[in-house]
Amino acid sequence: MDRNSNTYTFLYASIMVILVAAILASVSMALKPRQKKNFEIEKKKNILASVNIESDASTAEDLYAEKVVDEYIVNVGGKKVEGNAFDTDLKKERAKAAKDMLYPVFEFKTDEGTKYVLPLRGSGLWGPIWGYISLNDDMNTIYGANFDHEGETPGLGAEISTSAFEEQFIGKKLFDDSGELVSILVAKVGEMGAEEHKVDGISGGTITSKGLQNMLLDDFSGYEAFLKSKK
Amino acid sequence: MSEPLFSKKNLKLLSDPLNNSNPITVQVLGICSALAVTAQLKPSIVMAISVTAVLPLANVLISLLRNTIPNRIRIIVQLVVIAALVILVDQILKAYVFDVSRQLSVFVGLIITNCIIMGRLEAFALGNRPWQSFLDGIGNSAGYGVILIIVGFFRELLGAGTLYGYRVIPESWYIANGGFYENNGLMVLSPMALIVVGIIIWVQRNKNRSLIEN
């Protein structure tokens, strides 16, 4: 058959596309259960990291089951609602109208008392960023933080997921003395702010840093009623 | 095939891209990714390995198909082959070595857009046998990887004072700690990657006069 004829070209393209689609679809189907499991373990690892518990892929599930005391969902009004906190997809929640958003809470028992883990989600420069912040039972002081991202620039924005950045959050406060929510300022060099509400941003990663700052403010505002009701 | 597998001509396919026809410094392909991932040594190495995994495979596949591909849609066919391979690699990494997949994240996608791969498929694999194409793929990804690692080495060392995440320049040297040294912030930004690549090209041409155009 003439390799330059239209018929040949069409046939070739169609067969190639169908073949490739079939291969990719079946590989994806076959590997899906394993991938889902990996994502769950990763999530448990990250939640544990936010309460300063080290774990790896093999220990995360057991440690999580051992340390978690309670998982529940609250609404903007701070009231508990029905649902599975662990499987709540923040991506879907954040797409809803503000008054309908649901906020999962994980309670952990540690050697230093009960800690409340709040999952967060926002946008960085190239894509979503997310994280977990754990609070002491005064519902104000940060006990630990863990951040991650989909595709921030390595060496710049991606530094938000390093422990050097995350450890800055320990001991910072969400509310000021009068009980107003101020959240945390992720500061550029020279930016002023009260020390207990401020961490250093990442040089060369300003948009990611500011995205993280917005994520903290937005999501803590959503949790505000819940946090105040627990105080 | 009449000639031996590792004939002189075939070995040249492996060694040439390391010097005389280096994809970055001579063919000026793959600059975009060389710029994006070299702020640190680790992603540079990871990217070099990923490209080495994909390019020879894509080269061989295209070379096997070369006598059937309709001329008018050959670029599309190349793209489909590369994209399919990259997605396969990504899926397998996600299922079996999740940690590695987390580290690679954006790089996996970047492989698809890497001009070196398209460039080699178009320039070499379409007109040569699978074995030669395989060697060409290995050679070119090695040539690409070497430059990436050199650039990553200098950018991380001078920009952050670390190598592969480990501190090389002692903390006590820094002005902040009463010393005399300060990291060069410009090294972390992308323009510096181009300047470092430029310096490498300069050094290479100085040593290898045959590369200098009249």
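B:Gln204 counts as buried, because its relative accessibility is just 13%, and the cut-off for buried is under 20%. Keep in mind that this is a predicted model, so every value here is computed from it. You'll find B:Gln204 in helix H9 of chain B, which covers residues 190-207. What does B:Gln204 touch, leaving aside residues up to four places away in sequence? The list is B:Asn19, B:Asn22, B:Thr25, B:Val26 and B:Leu211.

Now step back and take in chain B as a whole. Its secondary structure comes to 9 helices and 2 strands. Walk along the sequence and you pass eight helices, then two strands, then one more helix. The C-alpha atoms fill a box of roughly 70 × 50 × 30 Å along the principal axes. Of the chain's 214 residues, 44% count as buried. Take the contacts between residues at least 6 apart in sequence: 73% of them join residues at least 24 apart. As for the outside, chain B exposes about 10,400 Å², and carbon and sulfur atoms supply 68% of that.

Charges are next. Chain B carries 16 positive and 10 negative side chains, and the centres of the two sets lie 8 Å apart. Side chains of opposite charge can pair when their charged atoms come close. One such pair in chain B is B:Asp16 with B:Lys12, a salt bridge with 3.6 Å from N to O. B:Asp16 counts as partly exposed at 22% relative accessibility, and B:Lys12 is partly exposed too, at 47%.

Where does chain B meet chain A? The contact takes 29 residues from chain B and 28 residues from chain A. B:Arg72, B:Phe98 and B:Arg102 supply 21% of the area that chain B buries against chain A, more than any other three residues. Altogether, the area buried between the chains is about 2,500 Å², with 61% of it from carbon and sulfur atoms. How many salt bridges does the rule find across this interface? The count is 0, although the structure holds 13 salt bridges over all chains.

Some of those bridges sit in chain A. A:Glu61 and A:Lys44 meet in one, at 3.8 Å from N to O. This pair links distant parts of the chain: A:Glu61 is in helix H2 (residues 60-67), A:Lys44 is in helix H1 (residues 6-50), and they are 17 residues apart. Are the two partners buried or exposed? A:Glu61 is partly exposed, with a relative accessible area of 26%, while A:Lys44 is buried, at 14%.

A:Glu224 and A:Lys228 form another salt bridge, with their closest N and O atoms 2.9 Å apart. Both lie in helix H5 (residues 206-230), 4 residues apart, or about one turn of the helix. A:Glu224 is partly exposed at 22%, and A:Lys228 is partly exposed at 40%.

Finally, look at two backbone spots in chain A. A:Met139 has a phi near 60 degrees, a positive value in a residue other than glycine. A:Met139 is found in the loop between strand E5 (128-135) and strand E6 (142-149), and it counts as buried because its relative accessibility is 1%. A:Ser183 has a positive phi of about 60 degrees although it is not a glycine. Its place is the loop between helix H4 (163-166) and strand E7 (185-187), and A:Ser183 counts as buried at 1% relative accessibility.

Definitions and conventions. Residues are numbered from 1 along each chain as its sequence is written. Chains are lettered from A and ligands numbered from 1 in the order in which they are written. This is a predicted model: local features need pLDDT of at least 70, side-chain atom pairs count only at pLDDT 80 or more; totals for chains, interfaces and linings use all residues. Side-chain values use heavy atoms; hydrogens and water are left out. Buried means under 20% relative accessible area, exposed over 50%, partly exposed in between (1.4 Å probe, protein chains only). Contact means heavy atoms within 4.5 Å. Accessible areas come from the Shrake-Rupley method with a 1.4 Å probe; for residues, only the protein chains shown count as cover. Lys and Arg count as positive and Asp and Glu as negative; His and the chain ends are not counted. The place of a charge is taken as NZ of Lys, CZ of Arg, CG of Asp or CD of Glu. Buried area is the accessible area (1.4 Å probe) that two parts lose on being put together, summed over both. A salt bridge is a side-chain nitrogen of Lys or Arg within 4 Å of a carboxyl oxygen of Asp or Glu.
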